[in-house]
Amino acid sequence: MASATATASPDPRDSEATRADAPHPEPGRRVSRWRFWSRGSKLGRLIVGLNLIGLAVLISGALVLNEIRRGLVEARIDSLSVQGDLIVQLMAEAATQGEPIPFLQADRAAQLLQLLHLSPSQRVRLYDTQGRLLADSYVVDDRVEWRALPPARRRGETAPSFRLQDADADPKLIDKARRDLADEWREAMLGERVRNTRIAENGHTVVSVSIPVQRVKAVLGVLTLEASDVDEIIAAERRALIPFALIAIAVTLLSSVLLYALVARPMLRLAEAADRVRLNRARAISLPDLARRQDEIGDLSRSLEEMTDTLSTRMDAIERFAADVAHEIRNPLTSIRSAVETLEIVPDGPGREKLLNILKQDVGRLDRLIGDISNASRLDAELSRESFRRFDVTRLLTDILSIYDAARKPGEARVTLIAPEGETVIPGQEGPLGQVFRNLIDNARSFSPKDGEVRVNVIPEKGRVLVVVEDDGPGIPPDNLETVFERFYTSRPKGAAFGGNSGLGLSIARQITLAHGGSVQAHNRTDETGKVVGARFEVSLPLTSTSGSRG
């Protein structure tokens, strides 16, 4: 019974097209490297790691299965080659005759193919030297291609069309399949073994081996063996890829859930906490469970807590400062009001002159207090607006002391400088630091005895510069060595004019020093017997900048 599938003829006359080289597998493309650098970023490493795991599972599965498929195809071709060699030897012995010009006997070849027990997925064809088909295993085995009938139609339905498969085949596909087969026949006629993977006329992928049938050295024909189970191998490969794809999908879903749980949800909680601070006018934000995390979310939570704590502290300081300012201004205002009310009923004379002097002192005190308050209130803005520059602190102190020498009045304490040879260069803002030294010197002069001395000593240390301001005054009560730096703290020496100090000088000096990464401390000077003989203020400043934003 004839085959229902048209048999491809390798006759060169069927087509004038020449053989095209089989396409080689595309070499691995050079993928540009994407460098992800997240030093110290735990969430970044987690996100990239989870995404790479899913991708690695999918790629490794595809590579492994691709190697398996390639190995199976190669093994199938090797099997066909062994079978083909055996069949060619049998035909060379039993299906050839003629001397001195041998030829193939088609009937004997067909009988030999009929005796062979070939797999249903294999097909063997024999061509002569002219490309004519002499034998076909599908024909001698009486094989036909078939497919299941469609379901029985119901009454009134139109009968579906049912045509043979070759009638449905694409003519271009059939022509290409015949050309490929003809190319194999030509190459085998040159005495070479041809191993190939190609598309058959029915659209299925087949592996084929074409072997020349030779007697001595004469090529009498070509034996072509095909195996059509490659599609089954590919289908099995795709089915084997499903677990890898499912694992990759699971990893991606897991990474998405983790990203929501570890990033999106905490960020929403932080946003809600910030809204509560804004709407309820709270002073601080607190999410302790997030602050314990050792990643970027934990850093953000701790930073927000520290920021709100700092703002709360600043607001408290502003409120205290406002209260202190009101209190300090109220004192001279109360004195002025009392003096003005009394002035109306006091006649001219010593009493009236005394009240006028009180008014002048209170007005001067109020003016000085308002000036110091203004300087203190805009100090933060000035420190953040200007950048640090390197300057010689000894030169700055020399310029300051020259002004004191020029303006010194009889009885006032003189100021002397003790500095090492060479430069003592530090980074900072020259104007604010000059104010620090002037405040300390003014404070020391106000507590010094008549015609006393204030000593300024510059001492270089390892990585720092120490500026010491000493006086010969009564010293500082031990309990007040730290409180002297608080705002509006005053300790008036005996005999000093009331209102000569606003209580902001030392507070401003510490604020400026801290902004420069330094420190200022107060100590008492004692003699050999332990008696307090004066006060000493030490300002320590770094030789390198401690603020990255100021340079």
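**Exercise 1. Which residue in S4 is the bridge partner of tyrosine 127?**

Let's take this predicted model one step at a time.

- Step 1: Start from strand S3, which covers residues 122–128.
- Step 2: S3 and S4 run antiparallel, and three bridges join them.
- Step 3: Look across to S4 from tyrosine 127, and you arrive at leucine 133 as its bridge partner.

**Exercise 2. Work out the strand order of the five-stranded open sheet, and find its edge strands.**

- Step 1: Reading across the sheet gives S4-S3-S7-S6-S5, and the pairing is antiparallel.
- Step 2: The edges are strand S4 (133–136) and strand S5 (194–199), since each of them pairs on one side only.
- Step 3: For the twist, ignore direction and average over neighbouring strands of this sheet: they are turned by 25 degrees against each other.

**Exercise 3. Which strands do helices H2 and H5 lie across?**

- Step 1: Helix H2 (residues 106–115) lies across S3 and S4. Its direction makes an angle of about 20 degrees with S4.
- Step 2: Helix H5 (residues 171–189) lies across S3, S5, strand S6 (205–215) and strand S7 (218–227). Against S5, helix H5 runs at about 180 degrees.

**Exercise 4. Locate isoleucine 242, classify its exposure and name the surface patch it belongs to.**

- Step 1: Isoleucine 242 sits in helix H6, which spans residues 230–280.
- Step 2: The partly exposed class lies between the buried limit of 20% and the exposed limit of 50%. Isoleucine 242 has a relative accessibility of 44%, so it counts as partly exposed.
- Step 3: Together with Leu246, Ile249 and Leu253, Ile242 forms a nonpolar surface patch. The accessible area of these residues together is about 400 Å².

**Exercise 5. What is the sign of phi at aspartate 451, and where does this residue lie?**

- Step 1: Phi is positive here, at about 55 degrees, although aspartate 451 is not a glycine.
- Step 2: Most residues other than glycine have a negative phi.
- Step 3: Aspartate 451 lies in the loop that connects helix H12 (430–447) with strand S11 (453–461).
- Step 4: With a relative accessible area of 43%, aspartate 451 is partly exposed.

**Exercise 6. Describe the protein chain as a whole.**

- Step 1: Its secondary structure comes to 13 helices and 14 strands.
- Step 2: Of its 551 residues, 36% are buried.
- Step 3: Take the contacts with a separation of 6 or more: 65% of them are between residues 24 or more positions apart.
- Step 4: The chain has an accessible surface of about 33600 Å², and carbon and sulfur atoms account for 56% of that.

Terms used:
Residues are numbered from 1 along each chain as its sequence is written. This is a predicted model: local features need pLDDT of at least 70, side-chain atom pairs count only at pLDDT 80 or more; totals for chains, interfaces and linings use all residues. Side-chain values use heavy atoms; hydrogens and water are left out. Helices (H or I, at least four residues) and strands (E, at least two) are DSSP runs, numbered from the N terminus. Buried means under 20% relative accessible area, exposed over 50%, partly exposed in between (1.4 Å probe, protein chains only). Contact means heavy atoms within 4.5 Å. Accessible areas come from the Shrake-Rupley method with a 1.4 Å probe; for residues, only the protein chains shown count as cover. Patches are made of residues with over 30% relative accessible area and no salt bridge: like charges are joined within 9 Å, nonpolar side chains (Val, Leu, Ile, Met, Phe, Trp, Tyr) within 5 Å. A salt bridge is a side-chain nitrogen of Lys or Arg within 4 Å of a carboxyl oxygen of Asp or Glu. Two strands pair if DSSP finds at least two bridges between them. Axes are lines fitted to C-alpha atoms, for helices over the stretch in contact, and angles run from 0 to 180 degrees between N-to-C directions.
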